[in-house]
Amino acid sequence: MTNSTPVYRNYINGEWRDSENGKTQHSINPANKNEIVGIIPDSSKQDLEDAVAAAKAAKLAWRKLAGVQRGNFLFKVADIMESRTNEIGEAMTMEMGKTLPEAKGETARGVAILRYYAGEGMRKIGDVIPSSDADAFLYTTRSPIGTVGVISPWNFPVAIPIWKIAPALIYGNSVVWKPATETAVTAAKVMQCFHDAGLPSGVLNMIVGSGSVIGQGIAEHADINGITFTGSNAVGKAVGQAALARGAKYQLEMGGKNPIIIAADADLDLAVEATISGGLRSTGQKCTATSRVIVEKDVYEEFKSKLLGKVAELKVGNGLDSGTWLGPCANEKQMDTVLSYINKGVEEGAVLLHGGTRPADGDLADGFYVTPAIFDKVTSRMSIAQEEIFGPVLTLIEVNDMQEAIELANDTDYGLSASIYTRNIGNAMLFVQEMEAGLVRVNAETAGVELQAPFGGMKQSSSHSREQGQAAIEFYTSIKTVFIKP
Ligand SMILES: NC(=O)C1=CN([C@@H]2O[C@H](COP(=O)(O)OP(=O)(O)OC[C@H]3O[C@@H](n4cnc5c(N)ncnc54)[C@H](O)[C@@H]3O)[C@@H](O)[C@H]2O)C=CC1
Ligand SMILES: O=C(O)CCC(=O)C(=O)O
């Protein structure tokens, strides 16, 4: 740490504030654990109380604005964020490791999401319904739920909070946001865009601190009317239970164990490209990442050898270097988890064909790197085929036919995303009908979410709600049915 290490604060009631207990922690660079990206707050419950009080006080005036007026703020935030794409992208790469082009791409996606929801301020929020009383006017409108708690993870530190905050705000809610500490510097830069756009004080507040204090505090706080969470399954369920216990609304987006099926008739070159992109970009740290690669036996060996050839070409390194394809894991705990799953895979009898090691040489030795791992001879019940690893690990599973492929694709507790490569329309239709997943994609990778379409999972992947697109209105508002008689 040097005297010039930047210091970041909480954002409460329109001001940047130190945590009341003065405690701080470090956000470090996963590409070099000796580099501190920023000094960030380690906030207390009192900071959360202050933020919730500010959000509660601000919500009435914010709700009373016209949707178009709220939208105009979001358009301004989008313009400011767009002009800071490089700065925000660099902070993201330095804090969680994804490559700079991916980080800038994600920031651009944040800008697009802001503009989409800014436009929502002008769209309809209800229906006219014929009443059984000929003189009466029966219609629906929507009310904001009040103050929303946003708990976001480190893997998409711009896109995920924005796809929660933007709809919360446009539909008239105030917000208390707890970003992941790993990416608190990126979060502060996002927050600064809202501040510079002139958002009224208290409408959006940001508190940086531990999950067990600030995250749980949000879940349990009586003045937080709804909680939206993305992260691990265990924490998500605890958040949901705390919300349910006090009658608050909640929305959870948790893990995935996403399959790609490679049919015997697939274009294998395209399928290899999609497997690599879906499974290994962002170092496999997406809830939509491809993890189980289910291949029909007639093309198994050919697919495997093409995949190995291409994976061998991927350059692992610091995400800021232009030649890098794959950055480090986002933090040490994540790297340790990935390495322990690699050991487990070998112990369970899968064959590690490629990678799965920690580079020990030169600059990479100080980072949380794991080379991309490919496992052969995987069976569906092995832990590496069942549990979310969240790292650069692909498991290859051989099947006899399409029916078996779909059965194994569904043989998981999760149901977020799934894809198939095939040129046979019958295979494609069967897959779309039979797959238990919220996102099913034909001749496309498992990752890749379109901001204007609903996003969420089946089974253990979500609380069965959907985010993004028009679907977001369901969580951030309540329907009010109105009957008026002159
Ligand atoms: N669905 C997804 O996109 C994500 C999934 N994960 C999964 O979770 C695993 C662990 O990653 P973590 O960063 O530890 O995830 P996590 O679930 O602990 O963290 C997600 C967010 O929840 C907060 N949090 C932690 N404990 C909390 C609590 N008791 N109450 C309320 N909020 C709390 C964290 O501070 C962070 O803001 C990963 O290996 C991956 O499998 C992690 C991040 C994103
Ligand atoms: O694939 C994407 O773009 C979104 C992934 C996501 O939502 C997540 O990893 O939490």
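1. The chain averages a pLDDT of 98, and 99% of the residues score at least 70. This is a predicted model, and for the complex the predictor gives an ipTM of 0.97 together with a pTM of 0.98.

2. A reader new to the structure may begin with the surroundings of ligand 1, where 26 residues are found around the ligand and where Pro153, Gly211, Gly215, Gly231 and Ser232 come nearest. By class, this shell is made up of 11 nonpolar, 12 polar and 3 charged residues.

3. As to where the shell comes from, helix 7 (211-220), helix 8 (233-245) and helix 11 (332-347) each contribute at least two residues to it, and the largest share, 5 residues, belongs to helix 7. Seen by domain, at least three residues of the shell around ligand 1 come from domain 1 (10-254 + 462-484), and at least three come from domain 2 (258-450).

4. A helix pair also deserves attention: the axes of helix 2 (residues 67-83) and helix 5 (residues 159-170) come within 9 Å of each other and cross at roughly 150°. Because angles over 145 degrees count as roughly antiparallel, helix 2 is roughly antiparallel to helix 5.

5. In this pair, helix 2 brings Gly67, Arg70, Gly71 and Leu74 to the contact, where they meet Ala166, Leu169 and Ile170 of helix 5. Sorted by class, the contact of helix 2 with helix 5 has 4 nonpolar, 2 polar and 1 charged residues.

Technical notes: Residues are numbered from 1 along each chain as its sequence is written. Chains are lettered from A and ligands numbered from 1 in the order in which they are written. This is a predicted model: local features need pLDDT of at least 70, side-chain atom pairs count only at pLDDT 80 or more; totals for chains, interfaces and linings use all residues. A residue is near a molecule or strand if its C-beta atom, placed from the backbone, lies within 6 Å of it. Helices (H or I, at least four residues) and strands (E, at least two) are DSSP runs, numbered from the N terminus. Ala, Val, Leu, Ile, Met, Phe, Trp, Tyr, Cys and Pro count as nonpolar, Asp, Glu, Lys and Arg as charged, and the others, Gly among them, as polar. Domain bounds come from an automatic or database domain assignment. pLDDT is the predictor's confidence in each residue, from 0 to 100. Axes are lines fitted to C-alpha atoms, for helices over the stretch in contact, and angles run from 0 to 180 degrees between N-to-C directions. Angles under 35 degrees count as roughly parallel, over 145 as roughly antiparallel, 65 to 115 as roughly perpendicular and the rest as oblique. Two residues are in contact if their C-beta atoms, placed from the backbone, lie within 7 Å.
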